[in-house]
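Biologist: Let's go through this model together. I will ask how each label was earned.

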Amino acid sequence: MKLESYWLDTAPAFSGGRDHPPEGHYDVAIIGGGFTGLAAARTLAREGARVALLEAGRVVGEASGRNGGQCNTGVAQDYAAMVDQLGRERAARHYRSYSDAVASVEQLIEEEEIACDYLRRGKLKLAAKPEHYDKLARTYEAIRRDVDPDVAMLSQAEARREVDSPLFHGALWQKNGGQMHVGRFGAGLADAAVRHGAHLFEHTPMTGVEREGERYRLTTPGSEFHADNVLLATGASQVGPLNWFRRRLAPVGSFIVVTEPLASEQCQQMIPNQRACVTSRIVGHYFRLTPDNRLLFGGRARFAMSGSQSDAKSGEILRRGLRETFPQLSATQLDYCWGGLVDMSRDRLPHAGRHDGMYYVMGFSGHGVQMSVHMGRMMAEMMLGHRRDTPWQSEEWPAIPGHFGKPWFLPLVGGWYRLQDRLR
Ligand SMILES: Cc1cc2nc3c(=O)[nH]c(=O)nc-3n(C[C@H](O)[C@H](O)[C@H](O)COP(=O)(O)OP(=O)(O)OC[C@H]3O[C@@H](n4cnc5c(N)ncnc54)[C@H](O)[C@@H]3O)c2cc1C
């Protein structure tokens with residue numbers, strides 16, 4: 001079993017990075033070469049801005065190249081609960097912005113002709129307990145009423161025809177959304193940014209940034225350069241002088257296993273319409289088929305950071321979950337296992353704004369394949385003066401109380417979530 005991302009292992013590696021360190025002056029320095037930073041770089045460079053993008057590792061080497069590949073509509077939280085919490089108007093606005101984000105990704109794939117196996121098959125949220133079906137039905141009513149008349153509720157028998165597992169009691173089907181090969185999408189997006197003129201520097205962490213009058217001086221281990229504006233698109237960053245942001249985000253591990261290739265008849269039997277699936281538990285699972293007929297199966301597994309030992313431990317937990325969900329795969333080998341860090345904000349919503357004059361957007365909270373691309377573009381449009389606002393502009397973004405260094409509270413949060421899953 002390979003302890004690496006299936007997506008990165010099966011995509012062409014990006015080779016358009018600069019072979020010398022950044023120097024001189026740029027209009028914009030973007031820190032972070034995930035979907036957010038790359039989408040911003042592409043938009044800015046297309047408009048003629050001189051862009052330097054610094055990536056500490058390889059482009060899309062973190063969350064963007066390590067996720068479940070689901071590009072779905074709808075907020076990460078339960079929509080009906082969000083209406084109760086924020087009111088109908090705000091909740092509807094949040095929901096619609098995810099639909100806009102899906103459209104943004106689809107438009108970008110088309111404009112740049114990125115071959116990334118995009119499939120528009122929607123998402124099933126599967127009820128893991130009978131009571132969850134009733135909760136999903138309430139969510140269905142609220143979504144249909146406010147934001148999407150095309151959403152559907154599936155009975156237990158209908159859900160079983162979509163997902164051949166004994167575990168589920170029905171499902172909510174949100175049709176507007178897709179899935180893609182995020183490694184191929186990421187490489188295509190990076191190529192597009194370079195084609196439009198952006199300079200991408202891989203293995204170049206930003207280690208310092210200082211304001212000098214109207215511009216910024218940025219340092220990397222071997223160089224320094226200047227930029228008029230800075231965009232921080234650093235996700236759950238563990239590198240560089242970003243403590244202000246680290247206090248506002250919990251880096252939560254999420255883990256994935258991928259099986260060996262399955263017979264196409266078996267895939268046809270298991271998930272015939274190739275929907276992207278998530279389960280209704282708080283510490284639940286997400287799964288889908290890959291373009292080469294494997295099952296990708298992920299979940300939070302353990303409330304721990306990602307790393308090769310931690311990923312392997314989580315992989316064992318996921319193996320049990322996969323066998324429970326699909327007993328027909330109990331003899332199937334796992335070919336891949338990896339993990340990644342989710343940039344979880346306290347309200348589980350993205351945050352965008354300016355800090356010390358620098359633009360930032362992060363906090364996608366595990367639901368950012370679509371939104372990171374959309375927000376990267378919007379932040380670029382804001383920097384170009386083409387828009388004044390984005391859906392996630394934060395006037396204030398308080399730190400997570402007590403969060404100064406390592407996220408010591410994660411095991412406690414994990415324990416609390418597991419208890420909730422048992423009780424409800
Ligand atoms: C296991 C997993 C499964 C997921 N599944 C899904 C899913 O199915 N659907 C969905 O919608 N979302 C999913 N997500 C979330 C989604 O992947 C992210 O929200 C999205 O990719 C965020 O993109 P980003 O560009 O903001 O961050 P990232 O992709 O994390 O990119 C940030 C980049 O910044 C770089 N960086 C940080 N600090 C510095 C520095 N000082 N200098 C230079 N570079 C720096 C990092 O190296 C990194 O490459 C998942 C996430 C994980 C981890």
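**Helices, sheet and ligand**

Modeller: Start with this one: α3 and α4 are oblique to each other. Keep in mind that the model is predicted.

Biologist: Why are α3 and α4 called oblique?

Modeller: Helix α3 (residues 79-86) and helix α4 (residues 88-112) pack at about 135 degrees. Over 145 would count as roughly antiparallel, and 65 to 115 as roughly perpendicular. The angle fits neither label, nor is it under 35, so the pair is oblique. Their axes are 7 Å apart, and the crossing is right-handed.

Biologist: Which residues make the contact of α3 with α4?

Modeller: From α3 come Tyr-79, Met-82, Val-83 and Leu-86. From α4 come Arg-88, Arg-90, Ala-91, His-94 and Tyr-95. By class, that is six nonpolar, one polar and two charged residues.

Biologist: What makes α4 roughly perpendicular to α11?

Modeller: α4 and α11 pack at about 80 degrees, with axes 8 Å apart. Angles from 65 to 115 count as roughly perpendicular. The value lies in that range, so α4 is roughly perpendicular to α11. On the α4 side, the contact includes Tyr-98, Asp-100 and Leu-108. On the α11 side, Gln-370, Met-371 and Arg-377 are among the residues in contact. The contact divides into seven nonpolar, three polar and two charged residues.

Biologist: Now the sheet. What makes β5 and β16 edge strands?

Modeller: Each pairs on one side only. The sheet is open and has eight strands, in the order β5-β6-β4-β13-β14-β15-β12-β16. Its pairing is mixed. The twist averages 20 degrees from one strand to the next.

Biologist: How do you know that β4 and β13 pair?

Modeller: Pairing needs at least two bridges. Strand β4 (residues 123-126) and strand β13 (residues 276-279) have four bridges, so they count as paired. The sense is parallel. Leu-126 stands opposite Thr-279 in β13.

Biologist: Which strands does helix α5 touch?

Modeller: Helix α5 (residues 130-146) packs on the sheet and touches β4, β5 and β6. Its direction makes about 25 degrees with that of β6.

Biologist: Last, the ligand. How many residues surround the ligand, and which are the closest?

Modeller: There are 42, and the closest are Gly-34, Gly-68, Gly-235, Gly-240 and Gly-368. The elements giving two or more residues to this shell are α2, β12, β16 and α11.

Biologist: How does the shell around the ligand divide by class?

Modeller: It has 15 nonpolar, 24 polar and three charged residues. Gly counts as polar, so the closest five belong to the polar class.

Terms used. Residues numbered from 1 in each chain as written. Predicted model: local features only at pLDDT ≥ 70, side-chain atom pairs only at ≥ 80, totals over all residues. Axes fitted to C-alpha atoms, helices over the stretch in contact; angles between N-to-C directions. Left-handed = near helix turned anticlockwise from the far one by under 90°. Contact = placed C-beta atoms within 7 Å. Near = placed C-beta within 6 Å.
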